[in-house]
Amino acid sequence: MKTLNDILESNKNWAKNIQNKDSELFKRLSKAQSPEFLWIGCSDSRVPASEVCGAGPGEFFVHRNIANLVVENDLNCLSVIQYAVEALKVKEIIVCGHYGCGGVQAALDDKPLGLIDGWLENIKTTIKEKSSELSSCEDKTSRMVELNVEKQVANIANTEIVKNAWKNNQELRVHGIVYDLASGLLKDLGVTLDQAQA
Ligand code: CO
């Protein structure tokens, strides 16, 4: 079992490796950040945002929650989007779901789990909306993972934050992708929205 000390040791090695590759990186990043990507992903430990994209510190602004949801009254997520779009001026917002998502599975199973039920209700609404498509699916969970991502892309495009950015001709795209736990690969769902499609 790893302890806090193990993690602190790993961190020293990690920082040293980065220093060796780019001796100025930490110095530059300590002054400011200018990431081009906002990543909205699942909290699942198996989908570490920048790591699966081979990105380093400073490249991804990140928000994660259970089942990568963008809910219209979630001040936490909306604040992240607002800061990313209006202050950092990210160019790409990526919603990343993952196959085998426990949150999506729990919503499909529809068994009471306590506090989290209120959160999962957002997925259950989409499940109801897509019930006819899902009923003909062999792998309902995987398809629902994809449909859930697609829904969040639409939700982001629907925020006043993103609508205003597009109205002001700010360069900004919203993408939907899915991570495959079994292969480590990302799949583009081809549901990108930009100013032209808004
Ligand atoms: Co998940």
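This is a guided tour of a predicted model, arranged as a series of selections to make in the viewer.

**The cobalt site**

Begin by selecting the cobalt ion together with its protein donors, which are Cys 42 through SG, His 98 through NE2 and Cys 101 through SG, at distances of 2.0 to 2.3 Å from the ion. Along the chain these donors follow the spacing C-x55-H-x2-C. If you colour the site by accessibility, His 98 counts as buried because its relative accessibility is 1%, and Cys 101 likewise counts as buried, with a value of 3%.

**The aromatic cluster**

Next, select Phe 37, Trp 39 and Phe 60, which ring pairs link into a cluster. The count of aromatic pairs in the model comes to four. One of them is formed by Phe 37 and Phe 60, whose rings are stacked, with 5.3 Å from centre to centre and 25° between the planes. This pair links distant parts of the chain, since Phe 37 belongs to strand S1 (residues 37-42) and Phe 60 to strand S2, 23 residues apart. Phe 37 counts as partly exposed, at 27% relative accessibility, whereas Phe 60 counts as buried, at 15%.

Keep Phe 60 selected and turn to Trp 39, for these two residues form an aromatic pair that is tilted, with 5.8 Å between the centres and 40° between the planes. Here too the pair links distant parts of the chain, with Trp 39 in strand S1 and Phe 60 in strand S2, 21 residues apart. Trp 39 is buried, and its relative accessible area is 0%.

**A buried aspartate**

Now move to Asp 74, which you will find in the loop between strand S2 (60-65) and helix H4 (75-87). What is the nearest side chain of opposite charge to this buried residue, and how far away is it? The nearest is Arg 64, at 13 Å, and Asp 74 has no salt bridge although it is buried. As a salt bridge requires a nitrogen and an oxygen within 4 Å, it is worth displaying the polar atoms around the Asp 74 side chain instead. A polar atom of that side chain lies 3.1 Å from the backbone nitrogen of Asn 76. To complete the view, add His 63, Asn 65 and Trp 119, with which Asp 74 is in contact once its neighbours within four places in sequence are left aside.

**Glu 146 and its partners**

Continue to Glu 146, which lies in helix H8 (residues 140-157) and counts as buried, at 12% relative accessibility. Not counting residues up to four places away in sequence, Glu 146 touches Tyr 99, Val 178, Lys 187 and Leu 189, so a selection of these residues shows its surroundings.

Then add Arg 143, whose side chain meets that of Glu 146 in a salt bridge with an N to O distance of 2.8 Å. Because Glu 146 and Arg 143 are three residues apart in helix H8, they are separated by about one helical turn. Arg 143 is partly exposed, with a relative accessible area of 23%.

With Glu 146 still on display, bring Lys 187 into the foreground: the two side chains meet in a salt bridge of 3.1 Å, N to O. Glu 146 lies in helix H8 and Lys 187 in strand S5 (residues 185-188), so this pair ties together parts that are 41 residues apart in sequence. Lys 187 counts as partly exposed, at 39% relative accessibility, while Glu 146 counts as buried.

Which residues are linked with Glu 146 in a network of salt bridges? Extend the selection to Glu 133, Arg 143 and Lys 187, which together with Glu 146 make up the linked network.

**A last salt bridge**

The structure holds 12 salt bridges, and for a final stop you may select the one that Lys 27 forms with Glu 24, where the closest N and O atoms are 3.8 Å apart. Glu 24 is partly exposed, with a relative accessible area of 38%.

How values were computed:
Residues are numbered from 1 along each chain as its sequence is written. This is a predicted model: local features need pLDDT of at least 70, side-chain atom pairs count only at pLDDT 80 or more; totals for chains, interfaces and linings use all residues. Side-chain values use heavy atoms; hydrogens and water are left out. Helices (H or I, at least four residues) and strands (E, at least two) are DSSP runs, numbered from the N terminus. Buried means under 20% relative accessible area, exposed over 50%, partly exposed in between (1.4 Å probe, protein chains only). Lys and Arg count as positive and Asp and Glu as negative; His and the chain ends are not counted. A polar contact is a pair of N or O atoms within 3.5 Å; within protein, one must be able to donate a hydrogen and the other to accept it, and residues adjacent in sequence count only if both atoms are side-chain atoms. Contact means heavy atoms within 4.5 Å. Rings of Phe, Tyr and Trp (its six-membered ring) pair if their centres lie within 6.5 Å; planes under 30 degrees apart count as stacked, over 60 as edge-to-face and the rest as tilted. Donors are N, O and S atoms within 2.8 Å of the metal (3.2 Å for Na, K and Ca); water is not among the atoms, so sites may look incomplete.
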